[in-house]
Amino acid sequence: MTAPVLPQDDLASLEAGLDALETHELARTPRWQRVLSAAWPPAVAVGLLLLVWELVYRAGVKPTYALPSPADVGTVLLDQLRDGSLLEAIGTSVQRGGLGFLIALAIGTPLGLLVGRVRVVRRGIGPILSGLQSLPSVAWVPAAIIFFGLGETAIYAVVLLGAVPSIANGMVSGIDQVPPLFLRVGRVLGARGISSARHVLLPAVLPAYLGGLRQGWAFSWRSLMAAELIVSSPELGLGLGQLLDQGRLLNDMSLVFAGILGILVVGIAVELCLFAPLEKRVLRRRGLLVGK
Amino acid sequence: MTLLDTVSPDLSTVAPAVRLSGVSKRFDDGPTVLDDVSLEVQQGEFVCLLGASGCGKSTLLNLVAGLDAPTTGTVDLPGGRAALMFQESALLPWLTAAQNVELALRLRGIGKKERRARAGELLELVRLRDAGDKRVHELSGGMRQRVAMARALAQETGVLLMDEPFAALDAITRDVLHEELVRLRASQRLTVLFVTHNVREAVRLGDRVVLLSSRPGRVAKEYAVSCPQPRRIESPEVAELAVTITDDLRAEIRRHGGQS
Ligand SMILES: Nc1ncnc2c1ncn2[C@@H]1O[C@H](COP(=O)(O)OP(=O)(O)OP(=O)(O)O)[C@@H](O)[C@H]1O
Ligand SMILES: [Mg+2]
């Protein structure tokens, strides 16, 4: 006496019911609301910072040349913006940083793949690579100047030495974190060699690789500033680092502040406009971004 | 409990879909995991492999799937390859449901247009046509396993290996997927080798249940399930055979405790 079994369309409707019960659409807040709620805390923080600065300035802790008021710095900033020299410096630095980053990308990616996938290579240069990552790249500047002379090449050398290890290490740790299950799934589906790398390994590595890129950019930018501060000569284009150095030579604190702000703004802008959205998108697609 | 020869006789005339003969497996210097296992799965047959945890069920499936090679003995798959489904959904999270199915087709060298159409059909087959654009994390556990089933079907191997595919699901969903699997197996004429340590599940699904012993893994006993599909997991016939098998399984496990 077998108990009656569901007819087929009953099974279909049962499944449809289960599916509906077990999935839920996430309601997403409108964009302006998200932007607003993300923007006000930093805005308040910057406001408070300016306030404290102004108060310290008014208290006269330091002479004006050493600690200008926010308004003084603002004026210099506007002047620099108006005559174009700040923008030019930003342009020069961003160009160098961007190009250096791209070269670092082109070297660091295959290097990371090699270290991640080939055991002998990993034993050989894996430790060196992680060691290099903790070496402040400003330490390379004197060597680069002696080796390449005062010029762009020396600057790029320092940038690469700073950024390549980060990018390569991002790739390596990404490869280490790929769940073995995915590789086995790939093999069961018939992926071998190149097709396995293309359809399974590389997509699986992507989040960690992006993390490496983000760090690589930060290292490029920092190394570039270190290099530009020291490597300056009349033939070289004027970058933000050189602008800083100029401010120091002229004892012009407002100019120095303007330079620092420029460096900060570029760093934040690249982070906010490039890496953060990219990473967010990748993570959201994989359901790794909770909330938001 | 009926004996083996109740399996319909016409099956024995065709070549089996899976044949393991004298298969043993050791990992490096570890103990022998599988010892002299011989097992045939006929075309269109549904065989459930049952055994205590760690007895080598997954190892056996990996051998059949070609993910690993036996230490001695041979694994024959006259059809060439087998599709394998895992306990966790094992869908690739950077792809949508449909793209996961399409990947299987793509790796078989099927063109883009046909891929799309075939993936749609396969999702329809597991009744998930509308979920094709969903990301893996947007699907429930049961839906994921149905997509994984569609992906396995996309491999068109005819032989489906399943490694505790429903173990992580709740009882209600599992029950529904049992029915789904039985339906697909009949309509697609699949040969299934299904690993579980749920005795009732094995009896609910299989034409034949194979009990593996532990350390080393050997075929301890086989049971033919005579009551016809569709069955229900709650039915007394299923329960009755499940009791017998559970007793044998317990005896098998006890054997290890008594010695050491
Ligand atoms: N790659 C491996 N290397 C070494 N030992 C392994 C490997 N894979 C499995 N084993 C060992 O082989 C034995 C059987 O493992 P297997 O995963 O096949 O068991 P199982 O029956 O599937 O168990 P479960 O029910 O828990 O899934 C275990 O003792 C395990 O430790
Ligand atoms: Mg297992």
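Trainee: Which helix of chain A is the place of A:Trp40?

Mentor: In this predicted model, A:Trp40 sits in helix H2 of chain A, residues 31-59.

Trainee: Is A:Trp40 buried or exposed?

Mentor: Read that from the relative accessible area. A residue counts as exposed when this value is over 50%. A:Trp40 has 54%, so A:Trp40 is exposed.

Trainee: Which residues make a nonpolar surface patch with A:Trp40?

Mentor: The partners of A:Trp40 are A:Val44, A:Leu48, A:Leu51 and A:Leu55, and the patch comes to about 540 Å².

Trainee: Turning to chain B, is B:Thr173 buried or exposed?

Mentor: The cut-off for buried is under 20% relative accessible area. B:Thr173 has 4%, and is therefore buried. This threonine belongs to helix H5 of chain B, residues 171-187.

Trainee: Which side chain is joined to that of B:Thr173 by a polar contact?

Mentor: That of B:Asp170, with a contact of 2.6 Å.

Trainee: Why is H1(B) described as largely enclosed by the rest of the structure?

Mentor: For a whole helix, count its buried residues. In H1(B), 8 of the 9 residues are buried, and so the helix is largely enclosed. Among them are B:Lys57, B:Thr59, B:Leu60 and B:Leu61, along with B:Asn62 and B:Val64.

Trainee: What does the backbone do just after H1(B)?

Mentor: Look at phi there: B:Gly66 takes a positive value of about 80 degrees.

Trainee: Which residues surround ligand 1?

Mentor: List the shell, then sort it by origin and by residue class. The surrounding residues are B:Phe27, B:Val33, B:Ser53, B:Gly54, B:Cys55, B:Gly56, B:Lys57, B:Ser58, B:Thr59, B:Glu164 and B:His197. Helix H1 of chain B, residues 57-65, supplies the largest share, 3 residues. By class, the shell has 3 nonpolar, 6 polar and 2 charged residues.

Trainee: Which polar side-chain atom lies 2.8 Å from an oxygen atom of ligand 1?

Mentor: One in B:Lys57. Separate side-chain from backbone when reading such distances. The side chain of B:Thr59 also places an N or O atom 2.5 Å from a ligand 1 oxygen. For B:Gly54, a backbone N or O atom is 2.8 Å from an oxygen of the ligand.

Trainee: How much of the accessible area of ligand 1 does the protein cover?

Mentor: Take the ligand on its own as the reference. Alone, ligand 1 has 630 Å² of accessible area, and the protein covers 55% of that.

Technical notes: Residues are numbered from 1 along each chain as its sequence is written. Chains are lettered from A and ligands numbered from 1 in the order in which they are written. This is a predicted model: local features need pLDDT of at least 70, side-chain atom pairs count only at pLDDT 80 or more; totals for chains, interfaces and linings use all residues. Side-chain values use heavy atoms; hydrogens and water are left out. A residue is near a molecule or strand if one of its heavy atoms lies within 4 Å of it. A polar contact is a pair of N or O atoms within 3.5 Å; within protein, one must be able to donate a hydrogen and the other to accept it, and residues adjacent in sequence count only if both atoms are side-chain atoms. Accessible areas come from the Shrake-Rupley method with a 1.4 Å probe; for residues, only the protein chains shown count as cover. Helices (H or I, at least four residues) and strands (E, at least two) are DSSP runs, numbered from the N terminus. Ala, Val, Leu, Ile, Met, Phe, Trp, Tyr, Cys and Pro count as nonpolar, Asp, Glu, Lys and Arg as charged, and the others, Gly among them, as polar. Patches are made of residues with over 30% relative accessible area and no salt bridge: like charges are joined within 9 Å, nonpolar side chains (Val, Leu, Ile, Met, Phe, Trp, Tyr) within 5 Å. A salt bridge is a side-chain nitrogen of Lys or Arg within 4 Å of a carboxyl oxygen of Asp or Glu. Buried means under 20% relative accessible area, exposed over 50%, partly exposed in between (1.4 Å probe, protein chains only).
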